[in-house]
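Thanks for sharing this one with me. Here are a few notes to read alongside the model.

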Amino acid sequence: MHAPVSWLRELADVPADATGADIAAALVKVGLEEEGLSGGDISGPIVVGRVLTVEPEPQKNGKTVNWCTVDVGDHGQRVTEGKAQEIVCGAHNFSAGDLVVCVLPGGVLPGGFEISARKTYGHVSNGMICSARELGLGDDHDGIIVLTELLGADAAASLQPGDDAIALLGLADEVVEVNVTPDRGYCFSLRGIAREYALSTGAAYRDPADLRVAEGDGTGYPVHLTDDAPVEGVVGCDRYVARVVRGVDVGAATPQWMRKRLTQVGMRPISLAVDVTNYVMMLLGQPLHAFDLQTLSGSVGTRRARVGEKLTTLDDVARALDPEDLLIVDGSDTPLAIAGVMGGEASEVTSATTDVLIEAAHFDPISIARSSRRHRLVTEASKRFERGVDPAVAAAAAQLAVDLLVEHGGGTADPGATDVGEPRTPAAIAFDTALPTRYVGLDYPREEVLSTLRAIGCVVQDDAGDAGDDVVTVQPPSWRPDLADGPDLVEEVARVRGYDQIPSVLPQPKDGHGLTHGQRVRRVIATTLAQQGLVEVLTYPFVARDLFDRLGYAPDDSRRRAEALVNPLSEEAPLMRTSVLDTLQDALRRNVARGHRDVAVYEVGLVTVGREDAAVAPVPGIEVRPDDATLDRIREAVPAQPRHVAMAAAGDASVAGPWGPARPYDASDAVAWVLTLGTALGLELEVQAADRSPWHPGRCASISLPDGTVVGHAGELHPKVTAALDLPARSVAAEVDVDGLIAATGTPRQADELSTYPAAHTDVALVVDEQVPAGRVEAALRAGAGEGLESVHLFDVYRGEQVGDGRKSLAYRLTFRAPDRTLTTDEVSALRDAAVAAAAEQTGAVQR
């Protein structure tokens with residue numbers, strides 16, 4: 001929002017010596033953001049010039065420049081050389097006879113850019129013919145300023161070559177540019193900027209909306225408001241003011257002072273009716289629209305668009321309307337405009353218009369924002385409506401527009417006025433005046449809090465008086481829809497005193513107990529896997545509906561019970577993952593596809609366990625805190641979200657080199673990673689053969705705690721799965737329940753005392769049925785050998801004629817050691833025989 005200092009002085013008592021920088025600093029003090037300063041840094045000679053000749057000259061680079069002579073009055077070359085000013089210009093939107101703005105050598109443009117005579121394109125250019133951007137009047141740089149178009153023919157007729165353009169265009173007037181945040185919609189007007197300046201400095205403020213208005217008496221132009229499809233339960237238009245001015249000369253010139261101010265705020269003057277509505281919008285923040293009364297059918301009103309409807313807007317684009325679009329329609333139900341965004345072509349004010357209907361309405365911000373984005377049409381009106389316009393200013397804005405049209409267009413206002421609808425008023429807030437002190441940490445006396453709230457426009461009902469009650473009732477002003485609760489008011493109190501008054505204090509951490517057990521376990525897991533050479537990745541926990549089929553899950557697999565998102569980021573992945581491998585495999589595939597042949601990755605993350613009962617959580621309102629029963633129902637409906645860790649790898653575990661051939665990843669690597677985690681956490685995990693998707697049934701192992709609880713699986717992925725997921729063949733993976741590991745640990749483990757006596761080794765070979773797991777045989781050996789057994793290691797598996805079909809030979813090395821003596825041969829043999837006997841009894845093992 002651009003705020004010319006001269007215009008601001010009319011609304012607030014700005015000191016005569018205050019600069020634009022001073023005003024910007026005052027606005028920053030109350031929380032507004034300074035975007036920039038313009039004006040005030042221009043010096044002459046900058047004059048009006050009349051183009052005498054224009055000679056196009058094509059250049060070798062394909063560009064065409066114009067060699068021009070310009071009459072600049074008694075300035076420049078007319079004084080020194082007795083001839084017209086010679087200037088090279090690259091623009092082409094002017095011709096001989098046009099009045100333009102020329103900066104002559106010695107002039108200084110915004111940013112300290114000094115102009116001098118210089119040779120270019122084979123000529124000496126004595127100055128510059130200026131565009132709007134070069135003068136700091138806007139961003140238009142496509143062509144130079146033609147004063148007849150900018151000021152109007154009547155105003156330009158009185159100009160003479162050599163006239164001072166700085167005074168003519170207000171170039172010496174400083175303009176403060178403010179970035180308006182979404183919660184400060186009222187600052188999209190000079191009214192709002194002036195109020196904030198007065199609030200910051202204590203200067204007197206004059207509200208431009210404080211004027212006598214014609215009240216809606218039912219005799220004005222008929223207006224009907226309907227909304228059969230309100231957005232989120234809020235009607236699209238809750239106030240509509242209509243005023244009629246007849247006999248307007250729409251061709252009348254816009255007064256120069258109005259054109260100047262519109263130019264200063266970045267708007268291009270167009271015609272009297274349009275300029276008046278834009279001027280009022282910039283002054284009061286209320287967008288207006290002017291309709292040609294003769295094109296209407298007896299009344300105007302609002303409704304939602306219907307399927308298939310179209311409207312050609314003022315930018316000459318035929319737009320397909322959406323049923324959520326709020327429209328302005330006439331008595332025959334014909335669409336006239338997209339409410340709050342842009343008017344339609346059929347009812348616009350033209351040179352033939354004599355009677356004008358002025359609309360000043362209040363529209364729902366959500367409806368306007370959605371329509372603006374839906375049609376990719378951001379206008380000055382939509383920017384204000386979607387941030388919140390003061391509903392109480394509509395009548396004053398319409399009255400001011402009527403007065404200006406009557407004064408400068410010679411029209412006559414109808415005595416009747418239409419004002420229908422009842423806009424919502426902000427809800428009153430029960431506010432504890434001690435809250436700012438508690439929230440901010442500074443001492444805000446009660447009287448300062450109350451005076452600040454009144455200064456920003458709130459009505460404060462202080463029933464306590466001297467009773468000492470700190471709670472008051474605060475009614476926010478109509479232009480502050482962002483004030484909804486106590487913390488909002490705390491922010492107002494803090495910003496008015498000044499954010500710079502709030503000290504920067506670093507929070508002091510409380511004495512604690514360090515990381516929780518669960519946090520320590522997760523760190524051990526991540527560190528251990530990284531030390532094994534795996535790389536940690538993070539994936540989005542969303543999966544496609546057909547993923548479970550590609551992973552080969554059985555129809556009754558509990559992992560198919562996935563929770564669906566109401567508003568997924570992508571329609572292709574609407575489900576929450578039930579396994580970290582669901583998404584980790586995609587990271588593996590992407591890395592391989594991008595040329596990383598040997599990859600090993602892991603992820604620690606949450607999974608969502610779908611509920612069989614499909615409980616639905618209630619959706620309470622935001623007005624008050626939900627009761628305990630509602631909160632309990634919400635918690636009950638939330639599915640369990642345990643934490644898992646998954647690993648996946650493809651390619652070679654060790655590359656080929658002088659040391660030998662490469663070794664690809666295999667199922668044993670995945671199992672080893674999990675067992676290494678168990679060792680790092682002090683758990684003796686047990687491994688058994690298993691059959692579980694998505695692993696290969698013959699190369700899959702289940703991982704169990706000592707009590708038999710299965711906490712994960714590891715092995716080689718099924719060939720069908722790797723093909724379906726576009727993964728390399730023989731890819732391996734593992735997944736473990738981290739929460740299960742956390743629950744199984746936590747009790748301090750006493751370290752075993754190391755024995756200094758020698759160990760005794762003995763080997764046994766046991767023949768068992770093919771279906772007997774090696775882990776079960778190992779467990780039997782441990783149980784039979786007793787405490788004297790230090791370790792058991794499987795070092796060979798044999799299948800062949802010597803053991804028979806359906807049988808296998810497992811060779812174990814048993815290590816025995818006593819804590820207090822050296823074991824004898826007989827003691828070792830007895831312990832070995834006891835171990836073999838236990839294996840024979842529990843697994844049917846036969847010693848070879």
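The points below cover packing first and aromatic rings afterwards.

1. Please keep in mind that this is a predicted model. With that said, a good place to begin is the largest nonpolar core, which has 60 residues. Within this core, Ile193 and Val280 touch the most other members. Helix 12 (residues 394-409) supplies the largest share of the core, ten residues. As general background, nonpolar side chains in soluble globular proteins tend to be buried together.

2. Ile193 deserves a look of its own. Beyond its neighbours within four places in sequence, Ile193 is in contact with Met1, Ala3, Leu8, Leu27, Leu32, Val178 and Cys187.

3. Next, have a look at Ser200, in helix 7 (residues 190-201). Its relative accessibility is 12%, so Ser200 counts as buried, the cut-off being under 20%. Setting aside residues up to four places away in sequence, Ser200 touches Ala26, Lys29 and Val30.

4. Turning to the rings, a search of the whole structure finds six aromatic pairs. In one of them, Phe363 and Phe385 have ring centres 5.0 Å apart and planes at 65 degrees, so this pair is edge-to-face. Phe363 belongs to strand 22 (residues 356-363) and Phe385 to helix 11 (residues 380-385), so the pair ties together parts that are 22 residues apart in sequence. Both Phe363 and Phe385 are buried.

5. You may also like the aromatic cluster formed by Trp7, Trp257 and Tyr279.

6. Finally, two arginines sit over rings. Arg195 lies over the face of Trp479, 3.9 Å from the ring centre, while Arg813 lies over the face of Phe795, at 5.8 Å from the ring centre.

Definitions and conventions. Residues are numbered from 1 along each chain as its sequence is written. This is a predicted model: local features need pLDDT of at least 70, side-chain atom pairs count only at pLDDT 80 or more; totals for chains, interfaces and linings use all residues. Side-chain values use heavy atoms; hydrogens and water are left out. A nonpolar core is a set of buried Ala, Val, Leu, Ile, Met, Phe, Trp, Tyr and Cys residues joined through side-chain atoms within 4.5 Å. Buried means under 20% relative accessible area, exposed over 50%, partly exposed in between (1.4 Å probe, protein chains only). Helices (H or I, at least four residues) and strands (E, at least two) are DSSP runs, numbered from the N terminus. Contact means heavy atoms within 4.5 Å. Rings of Phe, Tyr and Trp (its six-membered ring) pair if their centres lie within 6.5 Å; planes under 30 degrees apart count as stacked, over 60 as edge-to-face and the rest as tilted. A charge sits over a ring if NZ of Lys or CZ of Arg is within 6 Å of the ring centre and within 35 degrees of the ring normal.
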